[in-house]
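Grab a coffee and open the viewer. The exercises below go from the whole chain down to single residues, each with a worked solution.

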Amino acid sequence: MSKTIIISNRLPVQLQINDESLFAKPSVGGLATGMKSVHSGGESLWIGWSGLTDEQIPEALVEEIDTVLAEHGCSKVKLNKNDIEGYYFGFSNRTVWPLFHYFLEYSEFELGFWESYKEVNQKFADAILEKTNDDDIIWIHDYQLMLVPKMVKEKRPKATIGFFLHIPFPSYEIFRTLPWREEVLTGLLGADLIGFHTYDYERHFLSSVRRLLGLEVSFNDIYLENRIIKVDSFPMGIDYDKFHNAAKKSNKLKGKHRSDLQIKLDEHKKFAPDTKLIVSIDRLDYSKGIAKRINAFEYFLTKYPEYKEKVRLIILAVPSRSNVPQYQLLKREIDELVGRINGELSTVNWTPIWYFYRSLPFENLIDLYTSSDIAWLTPLRDGMNLVAKEYIATRTDKTGVLILSEMAGSANEMNEALLINPNNFEQQADTLKQAITMPKEEQIARNMFLQNWLKRYNVEVWANEFMDSLKAHGTLKGAYVSQKIDESALDTIMRQYKKAKNRLLFFDYDGTLADFHKDPQKASPDKELYGLLDKLQNQKGTTLFLISGRDKETFARWFLPKKYNMIVEHGVWISRNGEDFSMLEQVKGDWMKKIQPVLESFVNRTPGSFIEQKNYSLAWHYRNTDPDFGQKRATELNTVLTSLIANDDLSILNGNKVMEVKSSNVNKGRASSRILGEGNYDFIFAIGDDWTDEFMFEELPDETITVKVGIQKTQAKYNIEGTKRVREILKQFVK
Ligand code: GDG
C-alpha cells in the first residue's frame with residue numbers, strides 16, 4: 001500500500017532533554033496543523049531534522065529518540081553542528097533567504113555553504129530513499145531542500161514527488177545572480193508537481209526555467225525529457241476554526257481567568273478608552289520591514305500630531321536565526337529605534353511603542369489579536385504572511401482593520417484589507433488615519449468577506465488541494481508521454497500502412513493540414529494539399545475523412561467539389577462522396593454533479609471567480625480575477641474538463657471571460673468511432689493538434705495510430721512538430 005511521506009527541514013515535534021530524559025512536544029505551527037489531514041494514520045511518515053545536532057544528543061538517548069519520534073509518525077535525519085552551520089545558517093539563510101526576498105546585497109555566495117547544502121540535501125534524500133517504495137507519494141517542503149526532488153527522482157523514477165516553496169520565488173533577474181542557479185532549478189524539477197503561494201512566484205519560476213534551462217514550457221507544464229512537470233499556485237490558508245474558536249473562548253473568560261497580558265490590555269483600554277491599539281507580529285527578520293514600520297509610525301505621529309496619546313503600537317518580534325550576523329544587526333537597530341522614539345515622544349501617561357522581543361504562548365497571541373483595533377503588517381517581501389489571516393480570523397464581532405503590505409503573498413487574496421506599499425510613508429500615515437477613523441459598518445463589511453474566504457480556503461483545503469493535484473498528476477504521468485515521430489517510427493508506420501488492405505484516415509484541418517491564420521477564412525487549402533488529398537482519395541483501400549470543428553459552409557466551399565468525406569462542427573454534420581451535409585448527431589444533463597466540484601475547486605484557487613448554474617449548463621466566470629491569472633486558470637480548466645468529459649456527451653465553450661460546459665452529445669471521438677463501426681479496417685490513423693482531437697485519440701481503439709501535432713499533453717501515441725512534417729507523412733502515404 002502506498003504511503004504519504006512529508007519532508008521538511010524541521011519535524012513537527014520539538015524534542016527536549018530534561019534531566020537526561022527525552023520529551024517530544026507537537027509543534028503548533030501552521031504547517032504542522034495544515035498537514036494534519038495528510039499526516040495521520042499509520043500510512044504516513046514525516047522525515048526531518050529533530051532540532052538537536054549529533055553533538056547535542058547524549059549517547060544514551062540515541063535509540064530512544066527514534067522510538068519517541070516514531071510515536072509521532074516521524075523519522076529523523078541525522079545532522080551535525082557543521083551541517084547546521086553550512087546548510088541551514090549558511091546556504092539556506094545567508095544565500096537563498098535574502099536572495100529570494102530580493103535582498104541581493106545580503107546574499108552571500110560562499111562555495112562552502114553550497115557544498116554543505118548539497119551534502120545535507122543528499123542526507124535528506126538518502127533518508128527518504130531508505131524509508132520509501134516506488135508507489136509512495138512524497139511531499140517535500142521549502143527552500144532548505146530544493147535539491148532533494150532530483151536526488152530522489154534519479155534513484156526512484158516511479159515515485160510521485162511534490163514540492164512546495166513557502167517563500168517567494170524571485171524574478172529571473174534576481175534568480176540569475178545565483179552561481180548555482182541551474183543546479184537549483186534542475187533539483188526542483190525532480191518533482192512532478194511544484195507549488196507556490198501565488199501566481200507571480202509561479203510565473204517567475206517558469207520564466208527562469210525557460211530562460212536558464214531552455215526547456216519547453218506550455219502554460220504551467222514543463223517538458224523535461226520524457227516527463228511533464230506541473231507547476232501551480234496553492235495559496236496557503238490557516239486553521240481558521242482554531243483561531244476563531246480560541247478568540248471566542250478568550251473573549252468569554254472573566255476576572256482571574258484572563259491572562260496577565262489580557263489584564264494589562266484591559267487596563268489600558270479602561271484607562272484610555274478612545275486610544276487605538278495597533279499590533280504587529282513577525283519573526284525578527286529584515287524581510288518583515290519592522291524597522292521601516294517603526295519609522296513610518298514616527299512619521300505618522302509627526303504628520304498627524306493629534307493622535308499622540310491616542311494610539312499605541314505593540315510590536316511582537318519573535319527571535320529568529322540569531323546566529324546570522326544580519327539578524328543581530330537588525331535586532332540592535334530595532335532596539336535603538338524603539339528606545340529613541342519612546343524616549344523622545346513618551347509622556348507621563350503614554351508610551352507610543354510597546355515592544356516585546358520574545359515568543360509568546362498561543363493564548364497571548366490570541367489576546368493581542370483580539371484586543372487590537374488595527375493589525376499593521378508591512379513586510380518588504382513575504383511568501384504569504386499568515387499573521388494577516390490569523391488576525392482576521394480572531395475578530396469574532398467582525399470589527400478591526402487590517403493594513404497589509406502589497407508585498408505579502410496574502411495581499412493577493414485579501415483585497416478588502418487596506419493595502420499599502422511599505423516604502424511609502426505618506427501613504428502609510430494616511431492609511432493609519434483611515435484605519436483609526438474607519439466606521440464600524442465598513443470594518444464589518446470588509447471583514448465579513450475576508451472571513452468567508454479564510455474559512456472556506458483553510459489550511460486543510462490547501463493541503464488537500466495540493467495532494468489531490470499531486471495524486472492526479474501521478475496517475476496521468478504515463479498517459480501524457482507521447483513518442484516523437486522520427487525516421488524509425490515513420491518506418492514502422494509505413495510498413496503497417498503498405499501491408500494494410502482497408503485503411504481509415506482521420507485528418508483534422510487547422511493546425512494539422514494547414515497553418516493557422518489570423519483570419520480563419522484565409523487558411524484555405526493550397527495546391528499541394530489538394531494534390532495530396534486527391535491522391536489519397538483515389539488510393540485503393542483507403543477511406544479518408546477530414547474531421548474538423550469548422551462550420552459546414554466553409555468546408556462545403558473548399559472540399560465538397562472534391563468529394564472528400566467530411567465531418568464538421570465537431571461531429572454534428574457529415575458529408576460523403578460530395579453529397580450534401582446531413583446530421584450525424586441529435587443533441588442531451590445528469591453530468592452536472594460531476595462537473596460542479598471541479599468548477600468549485602477552481603473557484604477556491606482563483607480569487608474573484610464564481611460559478612453560474614443554468615438549466616442545461618454550468619458557467620465559470622473569471623472577469624473579476626487578475627487578468628493574466630484568470631486566463632491561465634481558464635486554460636487549465638479547459639484541459640481538466642477536456643480530459644474529464646472525454647467520455648461524456650459534453651462540450652466546453654470558451655466565451656469572453658467565461659467558460660461554459662454544455663450538454664451536447666457531440667465530439668470528434670464519437671463521430672470517428674461511428675465511422676469506424678461501419679467497416680472492417682486493418683489500419684486506423686488519426687491526427688490532430690488541439691484538445692478537440694483528444695476525443696479521437698481516446699475513443700478510437702488501441703491499435704489506432706494516433707498523432708498529436710505539437711508536444712503538449714496528449715493521449716496520442718505519437719507527436720510530430722508541425723504542419724510541414726505532417727505533409728511529409730502524407731507524401732509517404734501516397735508514394
Ligand atoms: C514562512 C514564510 C509564509 C508568531 N509569533 C508567535 C507565533 N507566531 C506564529 C504566527 C504565524 C507564524 O508564527 C508566522 O507565520 P508567517 O506566515 O507570518 O511568517 P514566516 O514565519 O516567515 O513563515 C511566510 C509561511 O512560511 C507559510 O508558508 O506565510 O511568508 O516566510 O502562524 O501565528 N506563535 C506563537 N507565539 C508567538 O509569539 N505561539
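What follows is a set of short tasks, each with its solution.

A word on the ground rules: this is a predicted model, where local features need pLDDT of at least 70, side-chain atom pairs count only at pLDDT 80 or more, and totals for chains, interfaces and linings use all residues. Residues are numbered from 1 along each chain as its sequence is written, and side-chain values use heavy atoms, with hydrogens and water left out.

**Exercise 1. The whole chain**

Task: Work out how many helices and strands the chain has, and what share of its residues is buried.

Solution:
- Start with the secondary structure: the chain holds 25 helices and 30 strands. Helices (H or I, at least four residues) and strands (E, at least two) are DSSP runs, numbered from the N terminus.
- Next, the dimensions: the C-alpha trace spans about 100 × 60 × 45 Å along its principal axes.
- Then burial: 57% of the 735 residues count as buried. Buried means under 20% relative accessible area, exposed over 50%, and partly exposed in between (1.4 Å probe, protein chains only).
- Last, the surface: about 31,500 Å² is exposed, and carbon and sulfur atoms supply 49% of it. Areas come from the Shrake-Rupley method with a 1.4 Å probe; for residues, only the protein chains shown count as cover.

**Exercise 2. Two helices against the ruler**

Task: Check the end-to-end distance of helix α16 and of helix α25 against the expected span, then find what covers the buried residues of each.

Solution:
- The rule first: the expected span is 1.5 Å times one less than the number of residues.
- Helix α16 (residues 440-456) has 17 residues, so it should span 24 Å, and its end C-alpha atoms are indeed 24 Å apart.
- Helix α25 (residues 723-734) has 12 residues and should span 16 Å; its end C-alpha atoms sit 17 Å apart, which agrees.
- Now the buried side of α16: Gln-443, Asn-447, Leu-450, Gln-451, Trp-453 and Leu-454. An α-helix has 3.6 residues a turn, so residues three or four places apart point the same way.
- The cover over the buried residues of α16 includes α9 (240-252), α14, β16 (401-405) and α21 (592-605). Contact here means heavy atoms within 4.5 Å.
- In α25, the buried residues include Val-726, Ile-729, Leu-730 and Phe-733. Among the elements covering the buried residues of α25 are α18 (487-499), α19 (527-538) and β28 (683-688).

**Exercise 3. Around the ligand**

Task: Describe which residues are closest to the ligand and what classes of residue make up its shell.

Solution:
- Count the neighbours: 21 residues surround the ligand, the closest being His-166, Leu-360, Asp-382, Met-384 and Glu-390. A residue qualifies if one of its heavy atoms lies within 4 Å.
- Sort them: 12 are nonpolar, 5 polar and 4 charged. Ala, Val, Leu, Ile, Met, Phe, Trp, Tyr, Cys and Pro count as nonpolar, Asp, Glu, Lys and Arg as charged, and the others, Gly among them, as polar.
- Trace where they come from: β12 (276-283), β13 (311-318), α13 (362-371) and α14 (386-393) each give at least two residues to the shell.
- Look at oxygen atoms of the ligand: one is 2.8 Å from a polar backbone atom of Met-384, and one is 2.8 Å from a polar backbone atom of Leu-386. A polar side-chain atom of Glu-390 lies 2.5 Å from a ligand oxygen.
- Finish with the area: taken alone the ligand exposes 730 Å², and the protein buries 82% of that.

**Exercise 4. Two positive phi angles**

Task: Decide whether Tyr-102 and Asp-142 are buried, partly exposed or exposed.

Solution:
- Tyr-102 lies in the loop between α3 (81-100) and α4 (111-131), with phi near 70°, a positive value in a non-glycine residue. Its relative accessibility is 25%, so Tyr-102 counts as partly exposed.
- Asp-142 sits in the loop between β6 (137-141) and α5 (148-155), with phi near 80°, again positive without being glycine. At a relative accessible area of 12%, Asp-142 is buried.

**Exercise 5. A lysine and an isoleucine**

Task: Find which residues Lys-288 and Ile-140 touch, leaving aside neighbours up to four places away in sequence.

Solution:
- Lys-288 belongs to the loop between β12 and α11 (290-303). Lys-288 is buried because its relative accessible area is 11%.
- The contacts of Lys-288 include Asp-282, Arg-283, Thr-378 and Asp-382.
- Ile-140 is in strand β6, and at 0% relative accessible area Ile-140 is buried.
- Among the residues touching Ile-140 are Ile-7, Leu-145, Val-148 and Phe-163. Ile-140 and Phe-163 are 23 residues apart along the chain, with their C-alpha atoms separated by 4.7 Å.

Conventions. A polar contact is a pair of N or O atoms within 3.5 Å; within protein, one must be able to donate a hydrogen and the other to accept it, and residues adjacent in sequence count only if both atoms are side-chain atoms.
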